[in-house]
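Work through the following exercises with the sequence and the model side by side. Each task is followed by a solution that goes step by step.

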Amino acid sequence: MESIQQLFEQFFGLEWGFMLFTLVKNLAYIIAIAVPLLLGVAYLTFAERKIIAYMQIRVGPNRVTFFGIPWLRGWGQPIADAVKALMKEIVIPTGANKFLFIMAPILTIMPALAAWAVVPFSAELVLADINAGLLYILAMTSMGIYGVIIAGWASNSKYAFLGAMRSAAQVVSYELAMGFALVCVLMMSQSLNLGDIVNGQQGGSMLNWYLIPLFPMFLVYFISGVAETNRAPFDVAEGESEIVAGFHVDYSGMAFTVFFLAEYANMILVATLTAIMFLGGWLPPLDIAPFNMIPGFIWLLLKIAFLLFFFLWFRATFPRYRYDQIMRLGWKVFIPITLIWIVVLGLIMQLPESVRNDFPYHLWF
């Protein structure tokens, strides 16, 4: 990398060479993150259809292959779906605000992609290693709701608007619980840097992960993430019996597909952040051979895949909740639990170090 930088500085001068090298390096990092993420989103839909089909004793996609290769049964399905979406017409309803109607999907997917700028994939691999990474994540994930609200309002339809209001109220409710759960992680790690949060869980085994002392916060954060992404059983914004498809009922073609991609990109983001905050990120479960011989990036991917499986499992098994049950769970259960846990954790951290060491897990400090 240093030799490439010197080559740029030799051709373009010291100042311009450094600027161009930094620009090219950052663009390469962005492409290296965005392309696998979009492929992951596409094939997460394929995995969902196959896993749910297996749970319900069905077959799932098994016909669309690449160049007719027989053992790739169904693996071309996401590509075929993308081509179909690109070829379909985007119909804008009469009376809709055309500019906002088109901008809404963009405002939904942009935060889902921008949040990955501060996500560390290993101890060295991160695009922007900033100290306020956790605040940046909270800011980006909170902006996605603007696209939902604008989509419901710009469609000029009461059904779309009702779906947008229901989705906005749900996201705001569970965003508070997720934020309070992350406050506990912040108190444990004493840092807003995501890399420092992972390094704070080092210690030779998975007993040092924040999953152990913050297990209730892990459940609150993960379930709130399922609710915030409008996934089953919290998908009341798409209650077919009363408001059809919710805020995106009037969208078609690639505009609808962008909403679809944003939902799955947010699923992957929630699973990644859960793995970083509570499951040790790229750290192996045991710091002994052969576990520590596997690259940390692989461990992070395995944890993400494990958590994403629960997203799919929930959809295949749990019935949809009523809207009042969802709001009650967020406001009357999750938020009080997180507030109580913050107070308890704060009191424990104020104890003398000799007393704190007597607790079952020294990670309380």
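**Exercise 1. Describe the order of elements and the overall dimensions of the chain.**

Solution. From the N terminus on, the elements run α-α-α-α-α-α-α-α-α-α-α-α-α, and the count for this predicted model is 13 helices and zero strands. The next step is to test the overall dimensions: a compact globule with 365 residues would have a radius of gyration near 21 Å, and the value of 22 Å for the chain agrees with this. Along its principal axes, the C-alpha trace spans about 70 × 60 × 45 Å.

**Exercise 2. Characterise the contacts, the burial and the surface of the chain.**

Solution. Begin with contacts between residues at least 6 apart in sequence, of which 73% join residues at least 24 apart. Then turn to burial, where 45% of the 365 residues count as buried. The chain exposes about 18,800 Å², and carbon and sulfur atoms supply 71% of that area. Finally, consider charge: there are 19 positive and 21 negative side chains, and the centres of these two sets lie 15 Å apart.

**Exercise 3. Classify two aromatic pairs, and find what one of them ties together.**

Solution. Rings pair if their centres lie within 6.5 Å, and planes under 30 degrees apart count as stacked, while those over 60 count as edge-to-face. By this rule the count comes to 27 aromatic pairs. One of them joins Trp 116 and Phe 121, with 6.0 Å centre to centre and 5 degrees between the planes, and this pair is stacked. Both Trp 116 and Phe 121 are buried.

Another pair, Phe 218 with Phe 278, has 5.8 Å centre to centre and 70 degrees between the planes, which makes it edge-to-face. Phe 218 lies in helix H8 (residues 215-228) and Phe 278 in helix H10 (residues 253-278), so the pair ties together parts that are 60 residues apart in sequence. Since buried means under 20% relative accessible area, Phe 218 counts as buried at 12%, and Phe 278 is buried at 0%. Phe 218 and Phe 278 also belong to one aromatic cluster, whose members include Tyr 221, Phe 306 and Trp 313.

**Exercise 4. Locate Met 327 and describe its surroundings.**

Solution. Met 327 is found in helix H12 (residues 323-349). With a relative accessibility of 17%, Met 327 counts as buried. Leaving out residues up to four places away in sequence, Met 327 touches Ala 169, Gln 170, Ser 173 and Lys 332. As for Trp 116, it is 211 residues from Met 327 in sequence and 29 Å away in space, C-alpha to C-alpha.

**Exercise 5. Which backbone features in the loops deserve a second look, and why?**

Solution. Start from the general expectation: most residues other than glycine have a negative phi, and most peptide bonds are trans. Against that background, the peptide bond from Ala 232 to Pro 233 is cis, with omega near 5 degrees, and Pro 233 is found in the loop between H8 and helix H9 (240-243). The bond from Ala 289 to Pro 290 is also cis, with omega near 0 degrees, and Pro 290 lies in the loop between H10 and helix H11 (296-317).

The last step concerns phi. For Asn 156, phi is near 60 degrees, a positive value in a residue other than glycine; Asn 156 is found in the loop between helix H5 (133-154) and helix H6 (158-189), and is exposed at 53% relative accessible area. Gln 190, not a glycine, has a positive phi of about 60 degrees; this residue lies in the loop between H6 and helix H7 (194-199) and counts as exposed at 55% relative accessibility.

Conventions: Residues numbered from 1 in each chain as written. Predicted model: local features only at pLDDT ≥ 70, side-chain atom pairs only at ≥ 80, totals over all residues. Heavy atoms only, no water. Helix = DSSP H or I, 4+ residues; strand = E, 2+ residues; numbered from the N terminus. Rg over C-alpha atoms; globule rule 2.2 N^0.38 Å. Buried < 20%, exposed > 50% of the residue type's maximum accessible area, 1.4 Å probe, protein only. Contact = heavy atoms within 4.5 Å. Areas by Shrake-Rupley, 256 points an atom, 1.4 Å probe, with all protein chains shown as cover. Lys, Arg positive; Asp, Glu negative; His and termini not counted. Charge placed at Lys NZ, Arg CZ, Asp CG, Glu CD.
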